[in-house]
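Here are my notes on this structure, written as numbered points. Keep the 3D view open while you read, and click on each residue as it comes up.

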Amino acid sequence: MFNFFAASPKGFEYSLANELKGFGAQDVRESVAGVYFSAPLELAYRITLWTRLASRIVLVIYKGQCESPEQLYNAAYCIDWPSHFSNRNTFSIDFHGTGGFIKNTQFGALKIKDAVVDRFRDDGDSRPDVARVNPDFRIDAHFRNGQVTIAINFSGSSLHQRGYRSTTGEAPLKENLAANMLARSGWQAQPITLLDPFCGSGTVLIEAALMAADIAPGLQRERFGFENWRSHNKAMWQTILDEAHARASLGKSRCQIKFYGSDIDSRLVALAKRNAENAGVAQFIDFSVANALDVTPPEAQGFLISNPPYGERLGSITELLQLYYQLGDKFKKQFGGWKVAMLCSDVELMSSLKLKADKQMKMFNGALECAFNLYTLHAKSTRRNAPELPEGVDIADIAPAFSNRIKKNMKQLNKWAKKENIDSFRIYDADLPEYNVAIDKYVDYVVIQEYSAPATIPEAITKRRISDVLLSLPNALGIDPDNITLKTRERQKGTNQYQKLDDQKLEVITNEYNARFKLNLTGYLDTGLFLDHRVTRKLVGEKSAGKHVLNLFSYTGSASVHAALGGANSVTTIDMSNTYLTWAKENFALNGLANKKYQFVQADCLQWIKDNSAQKFDLIFIDPPTFSNSKRMEDSWDVQRDHLDMLTGLIKLMAPNGEIIFSNNKRKFKMDLDGLSQLGVNVTNIDDQCLPQDFKRNPHIHNVWRITHG
């Protein structure tokens, strides 16, 4: 009897233990990412050939406490390595685990390698060579909690590599993960008709067909780890192989199970067919190119087991939520009598199926933790015979209060926006407390900004609510889900004020009164245009005729564009970011504004005010950040603390009949009226003049002040 460890991904332990018990293994004991067991040599061979779940099988030859490099060396040296493999064989060490004196796995592997070659030399043999690639003999070592296990890699390269596929799809599913899905779903115990409408390269269906046809998963492997082990029994192994070939031949002739696979990608379907041919099960699987939402049940009863698409790509989540919802709706309407099992890394996508799970499990797809949910679609409760409802009707029931508010707002705002000659505006701003988002329409696109939820609300609830928003919004607005972008907005500080998200670009041109602006809806947290300052920008334009205008903290220069279009004699646009100044220049070009009287200056605005006190401007617009600690600024900036000092310098730049329009977004901002009165200026709050119609629900979104000489 030998002692073994069957390694597997986390989440496989229960299924793997049951599989090993089914083979007849003794002393089966689950551990983390694997199962210990005992077996005679013949059974160990069978397990290695037939296991569908294990990643590798190792023969344990030493296990004990290890608290120093010397103990590790001695543990490896005491093993009679020349009795296990020849010095003419190459070998390698696979070391797993760190902690204590093991700072990295290379150190542990080196210590064991030294012990192995020293043992050969001390026994009078020449040392064997180490091979990093394709060694003849592999030693497996694992260190955890002060204990080391040294073993022989009995199986060789990872057992999930069956040998029937040379390439995979974009999101490959490992063969043993597919096998675990089949085991945990209950299909393996009750093999009947199987359907996978997202079959990709066909892994789930091929693994199922191998099970149904009684084909050993390791039958096509070229090498096993034990082949260069000196205790290997070649005759015994050959008998087991011959028996497996005979069972496969008989199993193929008797298999009556029907398998159906489809995918919208014809390239993947072609690949799946090749893989099935390589595996010898192509005759059992009917592959086709089809949209999953068009697939119908091929039989009255069966299993639908699949790994549908999921991902983190910005902009795809809305489309995926819609897909999952439509899938769940389709299952309820058409798949009564079927069992469904789905693997997905995103719990919220699974919840969008709107199906009650019989069982929820966790599995790992590589390092990615996934949910694996099982559903029973009862024929009596299905709506498969109900008349088809108009597309999108059911989905409005997900968040009816939210959907109704969106429709009501849009009805009012569309007429207003058309009259104002604007095509970008705010639709919704946390109107309902449970749906804590801001929703802006930019031409034909919608951007959702998710506010940070209070710490008292569980994360699961906030995720569910944003999922409901994303599901119901396309129907409420009559918009393509792919035209919806989700951004998470948190309070920004310092250099994070205009945080870049990624390199994606979705650029559109928006109209605002008589101005046009370029927007980037995906590349940055902000889009390039602050919608709440629309009326303020218009005011700047109306006041600019014949004047010299200064725009500080200009961002993408939208207020400067309005000033230029309003007939300003000159416009000076200043921002510390070269990226945004370039964007401002593009906005000027977009409006046909090209003249030497338009200047763009890259500078620290606060320092520029101090250094240019001799210049005079008729109209100054300034909208500073609430807070900043940019590395390119000498000191931190706080608008409440520092606004008086800033305005003191700014007043020196104001022409005798000039004025300053000062705006900021600090909710509880208090203007230092006493300090400003001592400077001899008049200060008037003009919030009521500068609040756009689409922001009336949030009157404190910004503060706007007009400052003139007394």
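1. Start with Asp431 and Arg697, whose side chains form a salt bridge, with 3.1 Å from N to O. Asp431 sits in the loop between β15 (424-429) and β16 (437-442), while Arg697 is in the loop between α19 (687-690) and β29 (703-709), so this pair ties together parts that are 266 residues apart in sequence. Asp431 counts as buried because its relative accessibility is 17%, under the cut-off of 20%. Arg697, with a relative accessible area of 36%, is partly exposed. Keep in mind that this is a predicted model, so you are looking at a predicted pairing here.

2. How much confidence does the predictor have in the chain on average? The mean pLDDT is 90, and 93% of the residues score at least 70. Two stretches need care, though. Over residues 381-393 the pLDDT stays under 50, and the model has 18 contacts for them beyond four places in sequence. Residues 490-503 are also below 50, with 31 contacts in the model beyond near neighbours in sequence. Where pLDDT is low, don't read the predicted coordinates in detail.

3. Back to charged pairs: the whole structure has 28 salt bridges. Take Asp468 and Lys354, whose closest N and O atoms are 3.4 Å apart. Asp468 belongs to helix α12 (residues 459-477) and Lys354 to the loop between α10 (347-351) and β13 (359-365), so the bridge ties together parts that are 114 residues apart in sequence. Is each partner buried or partly exposed? Asp468 is buried, at 9% relative accessibility, and Lys354 is partly exposed, at 32%.

4. Glu586 and Lys518 are another pair to click on, with a salt bridge of 2.4 Å from N to O. Here helix α15 (residues 578-590) supplies Glu586 and strand β20 (residues 515-520) supplies Lys518, so parts that are 68 residues apart in sequence are tied together. This time the acidic partner, Glu586, is partly exposed at 34% relative accessibility, whereas Lys518 is buried at 16%. Salt bridges can also share partners: Glu42, Arg46 and Glu243 are joined into one network that way.

5. Now for the nonpolar side chains. In soluble globular proteins, these tend to be buried together. The largest nonpolar core in this model has 153 residues, and Phe259 and Ile448 have the most contacts inside it. Helix α9 (residues 317-334) gives the largest share of this core, eight residues. If you pick Phe259 and leave aside its neighbours within four places in sequence, you'll find contacts that include Trp187, Leu194, Leu205, Phe284 and Ile285. Another core lies apart from that one: it has 31 residues, among them Phe517, Leu529, Ala568 and Phe588.

6. Have a look at helix α1 (residues 13-23) too. Which of its residues are buried? They are Glu13, Ser15, Leu16, Ala17, Glu19 and Leu20. These buried residues pack against β1 (2-7), β2 (26-31), β3 (34-39), α2 (41-50) and α5 (175-185). Just after α1 comes Gly24, which takes a positive phi of about 105°.

7. Helix α5 is where you'll find Asn180. Asn180 counts as buried because its relative accessibility is 0%. Beyond its neighbours within four places in sequence, Asn180 contacts Gly11, Phe12, Ser15, Leu53 and Met363. Ser15 is one of the buried residues of α1, so you can trace this contact alongside point 6.

8. What does the UniProt record add at residues 43-154? An unreviewed entry places the feature "domain: THUMP" there. Over those residues the chain is 31% helix and 28% strand, and the end C-alpha atoms are 13 Å apart.

9. Last, the cysteines. How many disulfides are there? The count comes to zero. Cys199 is in no disulfide: the nearest cysteine sulfur, that of Cys344, is 18 Å away. Cys199 is buried, with a relative accessible area of 6%. Cys605 is buried as well, with a relative accessible area of 3%.

Definitions and conventions. Residues are numbered from 1 along each chain as its sequence is written. This is a predicted model: local features need pLDDT of at least 70, side-chain atom pairs count only at pLDDT 80 or more; totals for chains, interfaces and linings use all residues. Side-chain values use heavy atoms; hydrogens and water are left out. UniProt positions are given in the numbering used here, feature names are shortened, and annotations may be inferred rather than shown by experiment. Helices (H or I, at least four residues) and strands (E, at least two) are DSSP runs, numbered from the N terminus. pLDDT is the predictor's confidence in each residue, from 0 to 100. Contact means heavy atoms within 4.5 Å. Buried means under 20% relative accessible area, exposed over 50%, partly exposed in between (1.4 Å probe, protein chains only). A salt bridge is a side-chain nitrogen of Lys or Arg within 4 Å of a carboxyl oxygen of Asp or Glu. A nonpolar core is a set of buried Ala, Val, Leu, Ile, Met, Phe, Trp, Tyr and Cys residues joined through side-chain atoms within 4.5 Å. A disulfide is a pair of cysteine sulfur atoms within 2.5 Å.
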